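Thanks for sharing this one. Here are some notes to read alongside the coordinates, starting with a contact between chains.

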Amino acid sequence: MRVNFTVNGRQQEADDVWEGESLLYVLRERLGLPGSKNACEQGECGSCTVRLDGVPVCSCLVAAGQVEGRDVVTVEGLAEFAKQREQHGHGGACGTGGGCGSEGGVTLDAAKQWQAKPADSQTGEGVELSNIQQAFIDAGAVQCGFCTPGLLVQADALLEENSSPSDQDIREALSGNLCRCTGYEKILDAVRLAAARQGEAV
Amino acid sequence: MDFLRPASWEEALAAKAEYPSAVPIAGGTDIMVEINFDHRRPEYLLDLNRIGLLREWEVGEDVVRLGASVPYTQIMENLRTELPGLALASHTVASPQIRNRGGVGGNLGCASPAGDSHPALLAAGAEVEVESVRGSRLIPIDEFYTGVKRNALAADELIKTIHVKKADGPQQYSKVGSRNAMVIAVCAFGLALHPETRTVRTGIGSAAPTPIRAKAAEEFLNAALEEGGFWESGKVITPSIAKQFGDLASGAANPIDDVRGTAKYRRHAVGIMARRQLVWTWEQYRGTGHGRSLEGAA
Amino acid sequence: MAQNTRTVPAGTPTNVTQKHNKGGIGESTLRPDGTLKVTGEFAYSSDMWHEDMLWGQTLRSTVAHAEIASIDISEALAMPGVYSVLTYDDLPAAMKNYGLEIQDTPVLANGRVRHHGEPVALVAADHPETARRAAAKIKIDYRELPLVTDEASALAPDAPLIHPGRDDHHSGHVPHPNIVHRQPIIRGNVEEARKRADVIVEGEYTFGMQDQAFLGPESGLAVPSEDGGVDLYVATQWLHSDLKQIAPVLGLPEEKVRMTLSGVGGAFGGREDISMQIHACLLALATNKPVKIVYNRFESFFGHVHRHPAKLYYEHGATKDGKLTHMKCKIVLDGGAYASASPAVVGNASSLSVGPYVLEDVDIEAIALYTNNPPCGAMRGFGAVQACFAYEAQMDKLAAKLGMDPVEFRQLNAMEMGTIMPTGQVVDSPAPVAELLRRVKSRPLPPERQWESAGEGADVRALPGGLSNTTHGEGVVRGVGYAVGIKNVGFSEGFDDYSTARVRLEVINGEPVAMVHTAMAEVGQGGVTVHAQIARTELGVTQVTIHPADTQVGSAGSTSASRQTYMTGGAVKNTCEAVREAVLEIGRRKNGSYHPAWATAELLLEGGKIVTDGGEVLADIADVLEGEDAIDLELEFRHRPTVAFDLKTGQGDGHVQYTFAAHRAVVEVDTELGLVKVVELATAQDVGKALNMLSVVGQIQGGTTQGLGVAIMEEIIVDPKTAKVRNPSFTDYLIPTILDTPTIPVDVLELADPNAPYGLRGMGEAPTLSSTPAVLAAIRAATGLELNKTPIRPEALTGTL
């Protein structure tokens with residue numbers, strides 16, 4: 001079957017999709033967006049977390065056919081998503097079902113302005129990062145990095161909704177994202193850091 | 001495999017009538033695992049995501065009409081006053097990401113004894129509105145679960161709405177798992193006090209071939225509360241009543257040994273949860289301030 | 001690099017350059033690959049992609065022990081979209097087995113399967129679903145054989161032999177062919193020493209099978225080349241060890257198997273062995289197309305070896321004033337169907353079985369069995385973990401029996417520099433065991449009833465059961481427990497352990513730039529960060545390029561045994577020193593006559609300049625290298641040699657370096673439901689020298705958490721009746737979530753080891769040892785139960801097993 005949907009603000013079309021394929025597979029193997037990770041493919045690790053119409057979900061458990069006409073943000077588009085949110089103000093989390101409406105979040109129109117930029121993958125210098133991405137690097141929250149994309153998408157959504165979460169709030173929000181390297185301490189540090197920087201910026 | 005994408009409820013019913021083997025997919029949190037791990041290859045997947053009415057709920061005078069696909073996150077956030085037991089149960093479901101996708105309809109459709117919402121629905125008292133091109137009917141929750149992963153649905157029927165009685169008293173829900181988050185129930189228990197009828201209802205999950213009520217425990221407690229005049233006086237529940245309620249709940253369980261836990265442990269844990277919940281709900285009923293609202297628990 | 005006309009696959013790693021003005025050793029420099037990892041651009045092995053690539057699928061045995069009467073692949077081959085189906089009969093070379101130390105593992109089953117999930121056939125097809133459907137159509141007729149599942153069934157008189165006719169180098173000295181390796185250690189006289197004991201405690205302990213549960217599944221891409229060879233992009237811990245096992249089975253010379261390290265999503269020992277490497281190459285060569293294999297989580301549980309489950313029998317004695325008199329132990333490790341790293345795990349378990357204590361009279365025996373259980377091998381802590389769990393339980397039992405404080409008792413018997421190990425080896429660098437215990441003990445305890453946060457009521461997230469809302473404080477009892485452990489660093493027992501580093505220094509745009517090229521597997525530990533730091537410190541540059549790890553440079557050895565900073569870090573330092581000498585040589589040739597210091601002073605490279613140890617600037621590096629070719633050197637680096645343990649007495653200086661960590665666990669247990677919340681896991685560890693404190697602390701916290709996992713939830717459950725794995729998924733093999741993990745305060749000591757580069761001490765594994773017994777001790781303290789098995793299940797705490 002054919003599936004049309006928006007990924008990181010760009011209209012995408014995937015052809016010859018087998019009906020049993022997940023959104024995760026389509027992103028990784030058909031659209032050249034392998035940033036969302038395939039750690040468990042059973043909804044138990046959160047590594048494949050993306051925003052589907054604004055809502056963080058495990059893309060491994062979304063059937064490809066279910067995203068027809070819908071809007072997806074992956075880790076590859078997170079920096080731009082966060083930038084758009086900053087520029088257009090924000091009034092809380094996107095609601096379920098209806099996508100990011102005009103009252104808050106990134107409007108579909110705004111998101112569509114997004115274009116891939118030639119990032120310097122040699123050095124990472126000159127790459128614009130979102131607050132949460134920079135905080136993960138600075139706090140040492142990245143080791144092998146396989147859980148990182150999902151954690152970033154989930155943590156970004158947390159801070160969008162709750163700009164000064166308690167430690168228990170952070171733990172609850174990230175309880176669906178497994179990390180095997182860090183023992184989570186530096187991930188907590190990173191989210192605290194991002195929240196503090198976000199607070200300073202306001 | 002074919003992927004059916006009805007745009008409306010009527011189209012969905014027509015598709016299910018035409019392809020009775022079609023497997024409905026909404027949140028996908030069960031069926032996609034089975035597909036990813038090659039455990040199941042349905043001939044047809046019937047996508048319900050485009051049907052808006054399944055994601056809506058309506059709070060009526062006595063009953064909440066809950067669309068089958070309303071995500072657990074919405075129940076937690078919006079219905080904790082009306083459906084406190086189900087809101088607590090929703091909060092124990094898997095992870096935030098799963099709670100953003102999964103809904104009660106999926107739990108009912110799969111009818112796994114480990115589904116988190118069942119004990120809460122049994123305790124609150126619910127009816128499942130199912131529909132086919134032949135028409136719709138309401139199935140009382142007590143008659144819904146017919147066997148291990150089997151339910152009362154006909155092959156051409158889809159779950160549309162769950163009618164849950166609005167809470168008229170305190171409700172609680174707990175589940176045991178060997179991890180502090182993101183865990184499938186080893187066993188679960190739900191309790192609802194119904195002061196209007198001066199009755200209590202219970203639900204047990206993952207400790208019998210189907211979700212069940214602990215009827216002997218309910219009957220005992222109904223009688224004990226009545227005889228002791230507890231409903232009027234609001235006096236403290238005696239430890240012996242709490243203990244016997246727990247023991248009877250434990251006795252209602254009919255669990256198995258499996259990789260997640262022993263039958264003996266499940267029976268034991270059901271009893272402990274029942275006893276604790278009776279104290280929590282009763283303290284809340286008494287309004288002594290000990291029926292504390294739990295931060296993070298819905 | 002690829003010797004063919006195909007395009008380079010998407011996801012091929014490239015140089016990563018990091019510019020940093022500070023960023024030498026001792027700084028908490030950030031990861032050079034950090035930006036790539038947070039933007040999703042960092043390519044892991046499962047992200048590799050090639051136009052017209054096929055998907056490989058492995059068909060695995062559904063039974064644990066059987067003869068294969070027949071295999072019928074005809075239906076699978078006939079399916080549209082299927083390019084190749086391979087079985088044992090299709091293997092191209094005389095060599096059909098592989099293995100780390102003993103080549104006993106068939107690439108594909110040869111008429112017999114020895115464990116559940118053993119690879120039997122391979123399929124390559126145009127879509128993973130096509131490959132899966134084809135694999136399902138392969139018909140295999142299994143004739144089941146009797147099972148060997150434990151010590152009794154392995155060593156019974158009529159036991160089936162797992163590897164009949166074995167002729168490996170251990171086969172001659174083991175007492176039974178179903179024993180992979182046996183290592184006794186005898187020192188002093190236990191019988192005499194026992195007479196001095198006022199108290200004796202015995203214990204029998206069971207350690208469950210732990211999985212590494214790295215998040216990035218086994219995966220990779222094999223691309224056939226025009227010269228008949230293959231380019232393999234894969235996640236592994238040791239490229240050159242893989243290469244030595246892959247090439248002979250393909251029938252290719254090593255230079256025709258060009259390996260490049262793809263992004264590695266964690267390892268923890270689980271990538272020490274071959275998984276899909278050979279299979280992907282076989283399919284690529286058979287189809288002449290690129291072939292990608294990605295295991296899903298279910299298959300991953302069968303795709304790598306696990307931590308050895310173990311039975312440990314201990315006897316300790318002590319005098320009434322608290323001095324240990326003697327220790328006897330027998331450690332039985334279940335190695336499963338194939339040897340993997342079992343022999344080395346036996347050596348570790350045996351030689352570290354006394355723990356970090358002074359014990360002169362010991363009688364030790366460790367064995368690993370061949371059984372039909374899943375193969376076991378390397379995992380973080382490697383034999384020392386199982387022993388630490390048992391000896392630390394013994395220490396608590398002894399202290400209790402003597403009425404002593406468990407920490408004081410340990411301190412009284414703690415080893416120190418100069419202590420003689422049971423192997424006769426003298427501990428010749430700092431061993432601050434008593435101090436580490438003092439540090440964790442002196443920390444203030446977290447507040448009681450910490451779940452009663454600021455407001456009223458209980459925050460269930462801080463209670464046992466967490467979000468499941470099982471207690472609001474009822475039944476909850478606090479317990480505190482301590483443990484300390486000892487681990488070796490590097491490869492032991494006479495192994496020629498070396499690493500190789502190539503360093504290139506050249507002037508680019510007027511600035512000296514270093515490139516570091518090693519075959520070290522960056523698995524997340526931060527080796528690449530440290531390599532850049534070392535190059536900055538040694539060569540005085542700011543800009544360092546990390547070349548992708550591949551087999552075009554010499555071996556780095558494995559990213560395991562806490563050895564890479566010591567070994568490949570040491571190799572980078574060593575090569576940098578040679579490069580510096582070459583720079584100075586050029587400088588002396590060009591400028592030597594202008595300043596006497598060129599000849600007389602100790603010269604350093606700092607801030608892009610050549611300076612004297614007094615700080616006087618002699619020249620710019622860029623000026624000196626002007627008009628010169630790049631300096632490009634590749635050198636090997638070795639640690640001091642070790643010797644094999646004597647096979648009868650266990651004597652010998654078998655280890656290079658020892659490393660120590662201590663933990664204090666604070667737990668809260670719902671004693672009625674048997675649920676546990678670990679509230680705090682305080683750690684102290686000596687790391688010799690922290691080259692990067694941020695990374696060091698991250699390693700300690702991560703290792704601590706893996707130890708916590710196996711204490712309270714992690715276990716691969718194998719059905720003793722069928723030898724089949726019952727929980728191969730993340731639904732039923734549970735690892736800690738962020739709500740299961742406590743705060744982990746870390747106290748780092750830096751007592752230099754004069755034998756090691758910069759004085760550093762390998763540190764990645766030690767925290768995994770002591771966190772498990774500390775948590776168990778705390779749960780025992782809360783419940784009063786004996787608890788001799790890990791993981792602790794709720795049943796064990798509630799009498800409902």
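1. A good place to begin in this predicted model is the contact between chains C and B, to which chain C brings 38 residues and chain B brings 36 residues. On the chain C side, helix H19 (residues 794–798) gives the most, with three residues. Sorted by class, that side of chain C holds eleven nonpolar, 15 polar and twelve charged residues.

2. Chain C also touches chain A, and here the contact takes 56 residues from chain C and 51 residues from chain A. Strand E1 (16–19), helix H1 (34–39) and helix H17 (693–712) of chain C each supply at least two residues to the chain C side. The top contributor there is H17(C), with seven residues. The make-up of this side of chain C is 22 nonpolar, 26 polar and eight charged residues.

3. Over in chain B, please have a look at the open sheet of five strands, which runs in the order E4-E5-E10-E6-E7 with antiparallel pairing. Strand E4 (57–59) and strand E7 (135–140) of chain B are its edges, each pairing on one side only. From one strand to the next, the twist averages 20 degrees.

4. Walking across that sheet from the E4 edge, E4(B) and strand E5 (residues 63–67) of chain B form a hairpin with three residues between them. These two strands pair in the antiparallel sense over three bridges, and Glu58(B) stands opposite Arg65(B) in E5(B). E5(B) also pairs with E10(B), again antiparallel, over five bridges; in that pairing Gly67(B) has Thr161(B) of E10(B) as its bridge partner.

5. At the other edge, strand E6 (residues 126–132) of chain B pairs with E7(B) in the antiparallel sense over six bridges. Within this part of the sheet, Glu129(B) stands opposite Leu138(B) in E7(B). Helix H1 (residues 9–18) of chain B packs on the sheet, touching E6 and strand E10 (158–165) of chain B. The direction of this helix makes about 75 degrees with that of E6(B).

6. Which residues have the most contacts inside the largest nonpolar core? They are Val123(C), Cys281(C), Ala535(C), Val667(C) and Val775(C), in a core of 416 residues. Helix H10 (residues 384–402) of chain C provides the largest share, eleven residues. As general background, nonpolar side chains in soluble globular proteins tend to be buried together. To look at one of these positions, try Cys281(C): leaving aside residues up to four places away in sequence, Cys281(C) touches Ala222(C), Val230(C), Leu232(C), Ile246(C) and Leu250(C).

7. For annotation, the unreviewed UniProt entry places the feature "domain: Aldehyde oxidase/xanthine dehydrogenase a/b hammerhead" at residues 39–146 of chain C. In the model, the chain over those residues is 14% helix and 35% strand. The C-alpha atoms at the two ends of this stretch are 52 Å apart.

8. Finally, a single residue to check by eye: Arg588(C), found in helix H14 (residues 564–591) of chain C. Is Arg588(C) buried, exposed or partly exposed? Arg588(C) counts as partly exposed because it has 16 C-beta neighbours inside 10 Å, whereas a buried residue needs 20 or more and an exposed one has 12 or fewer. The C-alpha atom of Arg588(C) is separated by 58 Å from that of Leu91(C), and the two residues are 497 residues apart along the chain.

Notes:
Residues are numbered from 1 along each chain as its sequence is written. Chains are lettered from A and ligands numbered from 1 in the order in which they are written. This is a predicted model: local features need pLDDT of at least 70, side-chain atom pairs count only at pLDDT 80 or more; totals for chains, interfaces and linings use all residues. Helices (H or I, at least four residues) and strands (E, at least two) are DSSP runs, numbered from the N terminus. Two strands pair if DSSP finds at least two bridges between them. Axes are lines fitted to C-alpha atoms, for helices over the stretch in contact, and angles run from 0 to 180 degrees between N-to-C directions. Two residues are in contact if their C-beta atoms, placed from the backbone, lie within 7 Å. Ala, Val, Leu, Ile, Met, Phe, Trp, Tyr, Cys and Pro count as nonpolar, Asp, Glu, Lys and Arg as charged, and the others, Gly among them, as polar. UniProt positions are given in the numbering used here, feature names are shortened, and annotations may be inferred rather than shown by experiment. A nonpolar core is a set of buried Ala, Val, Leu, Ile, Met, Phe, Trp, Tyr and Cys residues joined through C-beta atoms within 7 Å.
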